[in-house]
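The following exchange sets assigned strand pairings against the criteria behind them.

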Amino acid sequence: MARRGTKIVRLTAAGVAAGVLMAGIAVPAVGGAALGFVSAVGEAELKPVALVEPPPAEVTIVQDAKGGEIARFYEEYREIVGFDQIAEVMKTAIISIEDYRFYEHGAIDIEGTVRALAKNLRAGKVSQGGSSITQQYVKQVLLNSADTDAERNAALAASYARKLNELRYAMGVEEKYTKDQILEKYLNIAYFGAGAYGVEAAAKRFFGVKASRLTLPQAATLAGAVQDPNATDPNIDRKHRDRLLNRRNVVLNRMAELGKITPVEAAAAKATKLGYKGTKLPGGCDSSKYPYFCLYIRQEILNNPDFGKTAAARLAMLNRGGLTIRTTIDPAMQRAADRAIRKYVYASDDAVAAEALVQPGTGAIKAMAASRPYGVDRARNEISYNLVADAVHGGGAGFQAGSTFKTFTLISALKNGMKLDDGLSAGAGYRAPAYSTFKNCKGENIGDPTHTVTNDEGSPGWKTLRTGTWASVNTFFMELERRAGLCETVTTAKSLGIRRSDGRKLQEYETFTLGINEMDPVTVATAYAAIAARGKYCAPTAITRVTDRDGKATRYRPKCRQALDPAIADATADVLSGVLTKGTMRDVGGIGRDAAGKTGTTDDYASAWFAGFTPDLAAAVSIGDPRGSQKHKLTGVTIGGRYYGAVAGATLPGPIWKDTMIGALAGVPPTSFSPIDTARFEGCSEGCRTAPTTAEDDSTPDP
């Protein structure tokens with residue numbers, strides 16, 4: 001019937017609706033791969049099989065408190081759009097070049113399959129696909145849902161077995177969806193090159209327009225790119241752009257050949273330049289307006305089991321889930337923090353300033369700012385970790401919090417029944433009388449009688465809870481901590497959310513009250529926010545609502561508890577308000593409304609802090625040298641173009657805090673602190689010594 005070696009193919013097609021594609025195939029004198037294909041067809045039952053269609057990877061969008069976009073996370077940059085959001089010329093172009101009989105055939109194009117099969121038989125391998133758009137969609141789904149290299153390789157394998165599986169799935173897809181739906185799904189899942197997945201992302205990436213606004217030459221370009229997007233990736237070099245241009249013209253010629261456009265239209269389109277814009281894809285914290293807050297959000301998702309049982313599942317949800325995350329950040333408050341920091345500290349300085357703003361009563365983080373840009377470019381003095389947060393949220397070791405911790409000793413003394421005018425005589429130096437003087441929370445003796453704490457520039461003498469706090473006298477607080485109890489002071493700090501920035505256990509030494517533990521601004525600001533909220537501690541909150549790709553929203557409520565007796569919180573706020581008017585911040589001044597806070601300066605000026613609050617907002621500012629604060633002290637330094645012999649809490653952190661709060665609270669009606677319980681806290685305990693009026697009570701502040 002035929003010469004030796006002649007390959008004859010006879011293929012009879014029945015209707016797809018009947019579920020049979022190939023009634024019979026006869027291939028005389030065929031061997032090798034072709035014989036394998038015939039054998040596979042003979043054994044296969046070509047019936048529709050339901051395709052499991054996990055949603056394609058989609059971009060997660062992060063929004064500020066008002067709904068403005070601040071960041072995007074993605075593994076594949078894709079924006080799903082509806083069929084009516086895709087230009088008609090784009091649909092025409094892709095069908096013309098990929099599957100011109102798409103609306104006429106079933107799951108496969110019989111003519112195309114026969115043509116491809118004949119070529120494959122001659123070649124002895126699968127050298128031509130002949131795939132319909134439906135089959136291409138199936139392949140993309142299988143590729144996108146692959147979890148292992150083996151599954152990915154199987155989805156791309158040049159084998160007849162893979163083609164048969166595609167046919168089964170394609171038949172199932174054709175039974176399930178209309179042609180328009182299939183085309184929409186294909187255009188949303190296809191990769192176009194330059195990191196753009198789906199036609200919407202590709203239109204924006206290539207031409208800076210939405211898919212609905214694509215022109216003829218633009219549509220032809222994208223239609224041409226899907227065949228081999230890596231070979232025509234215009235973002236790589238000129239050769240790739242030239243290949244893409246040639247491919248575009250192939251599409252235009254095909255559209256003209258099919259009568260979809262006129263020869264004149266094709267010629268005019270081919271005469272235009274490629275027009276690739278390379279619009280930067282939004283996303284990632286390094287491109288966010290609020291990079292440190294962005295890092296915080298990212299770690300919140302990755303550490304929260306609500307978003308997946310494993311770390312890998314949570315990462316996949318963040319980068320592929322198409323979530324919309326509404327956050328707590330307030331753009332106006334963020335701008336106020338950014339402006340204040342830039343005013344006093346330059347990005348080029350060795351020292352770095354960081355600030356967090358937290359809302360009392362909710363724990364909502366309203367701003368996270370730092371003087372250094374986030375990133376890995378050393379030439380720009382960028383920093384690659386979260387300067388404002390703890391290690392759990394992408395931060396580093398933090399800086400010793402200094403005298404901001406004296407507040408926790410003050411609170412512990414008030415818990416023990418002391419009144420505001422109760423006091424003690426503070427010496428020029430303080431040395432623990434014995435090793436048993438202080439006990440940590442394990443009951444261990446840790447007081448070191450060989451170590452002497454001094455007041456630096458502060459003065460000794462009789463100090464009350466008020467005057468000792470206003471002047472921030474070290475020796476006063478050492479003795480106050482001894483009387484209140486070291487463990488009690490540590491417990492108070494923990495109740496207000498205090499934990500080390502690096503995640504290690506708090507150091508429970510007698511100098512705990514002097515702020516020997518390294519902290520981050522978010523943690524300190526949240527602790528002070530609890531005082532502002534009359535003792536109601538709310539864990540730091542950054543996310544208020546998460547909406548999934550299907551529109552289902554989950555709200556996240558503040559996690560709060562009553563950590564302090566409201567009356568004790570009120571008395572603490574009353575004492576700390578004097579810091580701004582009579583204490584270490586008196587030269588900086590207040591903010592025109594009820595406010596309170598505490599300066600913090602560590603030994604030898606290794607770091608400096610200010611933490612303060614109003615009833616409406618709390619903030620903490622830190623300054624230190626990220627190269628190592630103990631080695632690189634804040635003495636003899638130039639910061640923000642100004643020379644400082646030494647930087648204390650009121651030198652830079654205080655002014656930054658003041659400017660931030662004035663800007664952040666502009667337009668917010670002032671709220672007053674609750675009055676203190678005078679019967680409980682005013683005056684002094686029976687038999688106590690009242691503060692003398694002599695020079696002994698000189699309240700000259702420590703730095």
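The questions and answers below concern strands and their pairing.

The model is predicted, with local features requiring pLDDT of at least 70, side-chain atom pairs counting only at pLDDT 80 or more, and totals for chains, interfaces and linings using all residues. Residues are numbered from 1 along each chain as its sequence is written, and side-chain values use heavy atoms, without hydrogens and water.

Q: Why are β22 and β23 called paired strands?
A: Strands are DSSP runs of E with at least two residues, numbered from the N terminus, and two of them pair if DSSP finds at least two bridges between them. Strand β22 (residues 608-613) and strand β23 (residues 618-624) share six bridges in the antiparallel sense, so the criterion is met. Within this pair, F613 lies opposite A618 of β23.

Q: What makes β10 and β21 edge strands?
A: The open sheet of five strands follows the order β10-β9-β23-β22-β21 with antiparallel pairing. Strands β10 (365-370) and β21 (596-601) each pair on one side only.

Q: How do you know that β3 pairs with β4, and in which sense does β3 run with β8?
A: Strand β3 (residues 60-63) and strand β4 (residues 69-73) have four bridges in the antiparallel sense, with Q63 opposite E69. Five residues separate the strands of this hairpin, where G67 has a positive phi near 95°. Between β3 and strand β8 (residues 324-327) there are three bridges, and these strands run parallel; I61 has T324 as its bridge partner in β8. Both pairings therefore satisfy the requirement of at least two bridges.
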